[in-house]
Amino acid sequence: MNLLIMGLPGAGKGTQAAKIVEEFGVIHISTGDMFRAAMANQTEMGILAKGFIDKGDLVPDEVTNGIVRERLEQADIKEKGFLLDGYPRTIEQAHALDETLAKLGINLQGVINIDIDSSKLVERLSGRIIHRETGETFHKVFNPPAEGYNEADFYQREDDKPESVKRRLEVNIAQGQPIIEHYRAKGLVHDIEGDQEITAVFSDIEKAISGLK
Ligand code: AP5
Ligand code: MG
């Protein structure tokens with residue numbers, strides 16, 4: 001299965017991606033996670049990306065297209081399929097992805113579009129906490145760790161600070177529509193109501209994926 005998951009910052013892409021990977025065994029490719037790993041390792045690309053990410057801006061297309069293309073070219077992708085999360089995020093990236101997939105002879109089978117009003121997202125992002133050891137994402141109120149939590153074991157993302165969140169939402173609202181239209185024209189989009197419990201969102205996604213060929 002070869003899929004994209006789309007949605008505004010905080011829509012629940014990463015949360016649902018973890019569940020999709022567990023159930024369907026596809027490879028999760030999150031450009032945000034790749035950039036954060038590069039930033040943590042202070043690679044040249046990570047240092048460059050940090051200048052954009054911390055402000056809430058997009059990393060330039062040529063950098064992002066390059067890392068996604070390199071990942072898609074690896075052999076495990078054809079074996080297991082993929083779930084791209086956070087890419088494409090500009091129409092130019094969508095065209096670059098079309099080209100890469102065509103070259104590799106890979107078909108995209110579906111686009112999961114988590115639809116939620118942006119007014120709900122600031123609260124989601126400001127309460128997000130990430131477990132230092134496992135990288136698992138939770139929310140202080142909406143999805144707290146079952147066993148309770150010790151603040152020191154969790155961190156918050158730099159770009160979840162209010163100024164960056166405002167910019168991220170502006171940028172993604174402006175860039176997102178043409179991308180969805182691009183995939184709608186190909187008949188690939190499955191709209192999923194994002195303003196429901198995490199398990200209910202997943203149940204809708206499962207139904208959409210189960211209907212794919
Ligand atoms: P990226 O890491 O992709 O961030 P994003 O798109 O802003 O999305 P998030 O990861 O913040 O949200 P999410 O939808 O995954 O939500 P989550 O499941 O965590 O990108 C970060 C940055 O990297 C970008 O700003 C850009 O600078 C750069 N970048 C990345 N890709 C790029 C690209 N292609 N081109 C250029 N630059 C790129 O959920 C959020 C919170 O809500 C959590 O606390 C969760 O527990 C909670 N939650 C989830 N679902 C629910 C629910 N149903 N009900 C209640 N709470 C919920
Ligand atoms: Mg995410």
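Helices and strands are here DSSP runs, of at least four residues for helices and at least two for strands, numbered from the N terminus. With that in hand, Arg89 can be placed in the loop between strand E3 (82–85) and helix H6 (91–104). The model is a predicted one, and the paragraphs below look at its ligand, at a pocket, and at the positions that UniProt annotates.

Arg89 is a good place to begin with the ligand. The shell around ligand 1 holds 36 residues, and those that come nearest are Thr15, Asp57, Arg89, Arg128 and Arg168. Backbone atoms take part in the contacts as well. An oxygen atom of ligand 1 sits 2.5 Å from a polar backbone atom of Asp57. For Gly10, a backbone N or O atom is found 2.9 Å from an oxygen atom of the ligand, and a polar backbone atom of Gly12 lies 3.0 Å from an oxygen atom of ligand 1. Taken alone, the ligand exposes 1,000 Å², and the protein buries 97% of that area.

Which elements give two or more residues to the shell around ligand 1? They are helix H1 (13–24), helix H2 (31–40), helix H7 (121–126) and strand E6 (137–139). The largest share comes from H2, with 4 residues. Sorted by class, the shell contains 14 polar, 12 nonpolar and 10 charged residues.

Attention now turns to the second largest pocket, whose volume is about 400 Å³. Its lining consists of 21 residues, and Gly7, Leu8, Asn113, Gly176 and Ile180 are the ones nearest its centre. Strand E1 (2–6), strand E4 (110–115) and helix H8 (162–185) each give two or more residues to this lining. H8 contributes the most, with 8 residues. The lining of this pocket divides into 10 nonpolar, 7 polar and 4 charged residues.

The UniProt record can be set beside this picture. An unreviewed entry there places the feature "binding site" at Thr31, Arg36, Asp57, Leu58, Val59, Gly86, Tyr87, Pro88, Arg89, Gln93, Arg157 and Arg168. These positions span 138 residues of sequence and are also spread in space, with up to 24.5 Å between C-alpha atoms. Gly86, Tyr87, Pro88 and Arg89 from this set belong to the lining of the second largest pocket. Three residues of the set, Asp57, Arg89 and Arg168, are also among those that come nearest to ligand 1.

For "binding site", UniProt (unreviewed entry) also lists Gly10, Ala11, Gly12, Lys13, Gly14, Thr15, Arg128, Thr137, Phe138 and Gln196. From this second set, the lining of the second largest pocket takes in Lys13, a residue of helix H1. Gly10 and Gly12, listed in the record, were met above through their backbone atoms, at 2.9 Å and 3.0 Å from an oxygen atom of ligand 1.

Two backbone details round off the description. Where in the chain is the cis peptide bond with omega of about 0°? This bond joins Tyr87 and Pro88, and Pro88 lies in the loop between E3 and H6, where Arg89 is also found. The other detail concerns Gln42, which has a phi near 50°, a positive value in a residue other than glycine. Gln42 is located in the loop between H2 and helix H3 (44–53).

Definitions and conventions: Residues numbered from 1 in each chain as written. Chains lettered and ligands numbered in written order. Predicted model: local features only at pLDDT ≥ 70, side-chain atom pairs only at ≥ 80, totals over all residues. Heavy atoms only, no water. Near = heavy atom within 4 Å. Polar contact = N/O pair within 3.5 Å; in protein donor to acceptor, adjacent residues only side chain to side chain. Areas by Shrake-Rupley, 256 points an atom, 1.4 Å probe, with all protein chains shown as cover. Nonpolar A, V, L, I, M, F, W, Y, C, P; charged D, E, K, R; others polar. 1 Å grid on protein atoms, 1.4 Å probe; cavity = no way out; pocket = protein on both sides within 12 Å on 5 of 7 lines; lining within 4 Å. Points joined across faces, edges and corners; volume = space filled by probe spheres on them. UniProt positions renumbered as here; feature names shortened; annotations may be inferred.
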